Amino acid sequence: MEEEKVILVNEKDEQIGTMPKMEAHEKALLHRAFSVFVFNDKKELMLQQRAAHKYHSPLLWTNTCCSHQRVGESNIQAGKRRLMEEMGFVVDLEESISFIYKAPFDNGLTEHEFDHILIGHFNETPIINPDEVASWKWMPLEAVKHDILKHPELYTEWFKIIFDKFYEHINIGK
């Protein structure tokens with residue numbers, strides 16, 4: 001199986017090429033990504049705990065799902081595809097904001113992403129893919145915010161960045 005490729009972009013999110021995912025993470029090159037945030041009717045966020053064998057951030061809690069767009073795939077199409085692959089369901093998604101972040105990891109890899117935030121709504125129980133996800137839970141945003149402050153080591157770097165800088169954009173309870 002051919003290694004998944006990411007879309008390399010400039011700071012305006014214009015495609016400048018593609019590269020195998022691991023190589024882009026080894027070289028810390030800017031590439032397109034998305035992060036899905038799914039809320040229920042109680043305005044709780046569905047969090048996922050990454051699978052134990054993930055090459056970075058294993059067993060850390062993060063947003064509902066995230067990944068990389070494929071060439072020719074819209075942000076919404078990519079979000080729906082990955083939501084089904086990781087969490088076993090699909091919902092309508094809407095684009096929120098996008099931003100660039102850079103997060104180095106202990107294993108020498110670096111996430112340097114132009115990240116698109118996608119928001120959806122769901123009230124049922126996901127059917128998680130154990131190859132991708134160890135566990136999941138619903139949490140009110142205020143509880144997530146408090147827990148990140150108290151236990152930052154339990155959360156992925158990108159999730160903490162999104163929460164810190166863009167809380168007002170993902171807080172649907174306003």
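**Exercise 1. Is Cys65 buried or exposed, and how far away is the nearest cysteine sulfur?**

Step 1. Cys65 has a relative accessible area of 0%, so it is buried. Buried means under 20% relative accessible area, exposed means over 50%, and partly exposed lies in between (1.4 Å probe, protein chains only).

Step 2. Cys66 has a relative accessibility of 15%, so Cys66 counts as buried.

Step 3. A disulfide is a pair of cysteine sulfur atoms within 2.5 Å. The sulfur of Cys66 is the nearest one to Cys65, at 6.7 Å, and Cys65 is in no disulfide. Cys66 is in no disulfide either; its nearest cysteine sulfur is that of Cys65.

Step 4. The structure holds 0 disulfides.

A note on the model: it is predicted, so local features need pLDDT of at least 70 and side-chain atom pairs count only at pLDDT 80 or more, while totals for chains, interfaces and linings use all residues. Residues are numbered from 1 along each chain as its sequence is written, and side-chain values use heavy atoms, with hydrogens and water left out.

**Exercise 2. Describe the fold of the chain in numbers.**

Step 1. Count the elements: the chain has 4 helices and 9 strands. Both are DSSP runs, numbered from the N terminus: helices are H or I with at least four residues, strands are E with at least two.

Step 2. Read the order. From the N terminus on, it is β-β-α-β-β-β-β-α-β-β-β-α-α.

Step 3. Check the compactness. The radius of gyration is 15 Å, close to the 16 Å that the globule rule gives for 174 residues, so the chain is as compact as a globular protein of that length. The radius is taken over C-alpha atoms, and the rule is 2.2 Å times the number of residues to the power 0.38.

Step 4. Add the burial: 53% of the 174 residues are buried.

**Exercise 3. Which two residues that are not glycine have a positive phi, Lys43 and which other?**

Step 1. Recall the rule: most residues other than glycine have a negative phi.

Step 2. Take Lys43. Its phi is positive, about 65 degrees. Lys43 sits in the loop between strand S3 (31-39) and strand S4 (44-50). Lys43 is partly exposed, at 43% relative accessible area.

Step 3. Take Ser57. Its phi is also positive, about 55 degrees. Ser57 sits in the loop between S4 and strand S5 (61-62). Ser57 is buried, with a relative accessible area of 9%.

**Exercise 4. What does the side chain of His112 reach?**

Step 1. Place the residue: His112 lies in strand S8 (residues 110-121). His112 is buried, at 17% relative accessible area.

Step 2. Find the partner. The side chain of His112 reaches the backbone oxygen of Ala28 at 3.0 Å. This is a polar contact (a pair of N or O atoms within 3.5 Å; within protein, one must be able to donate a hydrogen and the other to accept it, and residues adjacent in sequence count only if both atoms are side-chain atoms).

**Exercise 5. How do Trp136 and Trp138 pair?**

Step 1. State the rule. Rings of Phe, Tyr and Trp (its six-membered ring) pair if their centres lie within 6.5 Å; planes under 30 degrees apart count as stacked, over 60 as edge-to-face and the rest as tilted.

Step 2. Count: the structure holds 6 aromatic pairs.

Step 3. Apply the rule. Trp136 and Trp138 are 6.1 Å apart, centre to centre, with 85 degrees between the planes, and this pair is edge-to-face.
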